[in-house]
Amino acid sequence: MAGAPESELERFDGDVGRVLAVVAHPDDLEYGAAAAVARWTGEGHDVVYLLATRGEAGIDALSPEEAGPLRVVEQQRSAAVVGVDVVEFLDHADGVLEYGLDLRRDFVGAIRRHRPDTVITLNHRETWGPGALNSADHRVTGAALLDAIADAGNRWIFPGVGGEAHRVRWAMVAGSPLARHAIEVTGTVDVGVASLSEHRAYLEGLGDHPMADPEFLRWVVADAGARAGCEAAVAVELFEFG
């Protein structure tokens with residue numbers, strides 16, 4: 001890792017190995033993390049996407065029965081843009097995710113099946129920053145996932161679920177207000193924007209919200225890049241499990 005001033009972001013240049021990206025909804029990865037995924041797949045790393053829900057409650061103008069299948073297709077197309085071929089859905093209900101053994105067990109099963117070295121997820125903290133409350137699904141997903149990473153390495157917790165126990169080395173939380181590290185994505189910003197653009201129905205449903213424009217992503221990674229001493233980056237809170 002390259003050093004940086006204490007008040008800024010330290011660039012992470014470790015070997016991520018195999019990567020499992022876990023989030024609550026279609027589109028969650030595309031607001032930054034997908035640009036890092038594009039870098040990793042371009043370097044030859046295997047990356048798998050796992051989504052807790054199908055995002056069926058995410059478009060106000062569409063019923064869940066209409067939105068769910070549509071958002072699955074959009075997520076598959078979005079993942080393909082950044083070189084990800086495997087996209088799995090756990091089929092928990094969108095908007096009402098609950099922290100508990102069921103969700104932890106599902107995450108443990110996926111970790112043991114895919115055996116990643118690195119897991120990346122989205123901000124699970126209470127807020128995105130002062131005055132910007134995070135969603136319940138994001139908070140629940142991240143908390144359950146971090147616990148499941150520890151569970152997956154213990155053969156006596158959820159024995160037999162997903163296979164043999166597996167230890168993850170790194171967990172990264174993209175967009176966390178407690179981020180102290182960054183993944184440089186200077187060469188993959190355009191691919192990240194293209195990946196976000198595949199969520200057409202979702203973005204249209206956002207109306208005139210600033211996040212409805214895929215170009216919004218450029219501001220996000222430029223801001224993190226400025227803090228990391230490069231052109232563009234994804235800010236992450238980093239956990240090392242050893």
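**Overall fold, two helices and an internal cavity**

In this predicted model, the protein chain of 242 residues has a radius of gyration of 17 Å, which agrees with the value near 18 Å for a compact globule with that number of residues. The C-alpha trace spans about 50 × 45 × 35 Å along its principal axes, and the chain is made up of seven helices and ten strands, together with the segments that join them. Buried residues account for 51% of the 242 residues. Of the contacts between residues at least 6 apart in sequence, 80% join residues at least 24 apart.

Helix 4, formed by residues 136-152, has 17 residues and reaches 24 Å from its first C-alpha to its last, close to the 24 Å expected at 1.5 Å a residue. This helix is mostly covered, since twelve of its 17 residues are buried. The buried set comprises D137, H138, V140, T141, G142, A144, L145, L146, A148, I149, D151 and A152. These residues pack against one other helix, helix 3 (101-114), and against several strands, namely strand 2 (19-23), strand 5 (118-122), strand 6 (127-129), strand 8 (170-174) and strand 10 (233-240).

Helix 2, formed by residues 64-81, has 18 residues and reaches 25 Å between its first and last C-alpha, close to the 26 Å expected at 1.5 Å a residue. Its buried residues are A67, G68, R71, V72, E74, Q75, S78 and A79. An α-helix has 3.6 residues a turn, so residues three or four places apart point the same way. The buried residues of helix 2 pack against strand 3 and strand 4 (86-89), as well as against helix 5 (189-197) and helix 6 (200-205). Helix 2 is followed by G83, for which phi is positive, near 85°.

Rolling a probe the size of a water molecule over the atoms shows where empty space is left. In the present model the count comes to one cavity of 30 Å³ or more, and about 30 Å³ of space lies in the largest cavity. The lining of the largest cavity is formed by R18, V19, L20, D46, V47, V48, H114 and P116, with strand 2 and strand 3 (47-51) as the elements that give two or more residues to it. By class, five of the lining residues are nonpolar, one is polar and two are charged. Strand 2, which contributes to this lining, is also among the elements against which the buried residues of helix 4 pack, whereas strand 3, the other contributor, is among those packed against by the buried residues of helix 2.

Note on methods. Residues are numbered from 1 along each chain as its sequence is written. This is a predicted model: local features need pLDDT of at least 70, side-chain atom pairs count only at pLDDT 80 or more; totals for chains, interfaces and linings use all residues. Side-chain values use heavy atoms; hydrogens and water are left out. Helices (H or I, at least four residues) and strands (E, at least two) are DSSP runs, numbered from the N terminus. The expected span of a helix is 1.5 Å times one less than its number of residues. Buried means under 20% relative accessible area, exposed over 50%, partly exposed in between (1.4 Å probe, protein chains only). Contact means heavy atoms within 4.5 Å. On a 1 Å grid over the protein atoms alone, a cavity is a set of points where a 1.4 Å probe fits but cannot get out, and a pocket is an open set with protein on both sides within 12 Å along at least five of seven lines; lining residues have an atom within 4 Å of a point. Grid points are joined across faces, edges and corners, and a volume is the space filled by probe spheres set on the points. Ala, Val, Leu, Ile, Met, Phe, Trp, Tyr, Cys and Pro count as nonpolar, Asp, Glu, Lys and Arg as charged, and the others, Gly among them, as polar. The radius of gyration is taken over C-alpha atoms; the globule rule is 2.2 Å times the number of residues to the power 0.38.
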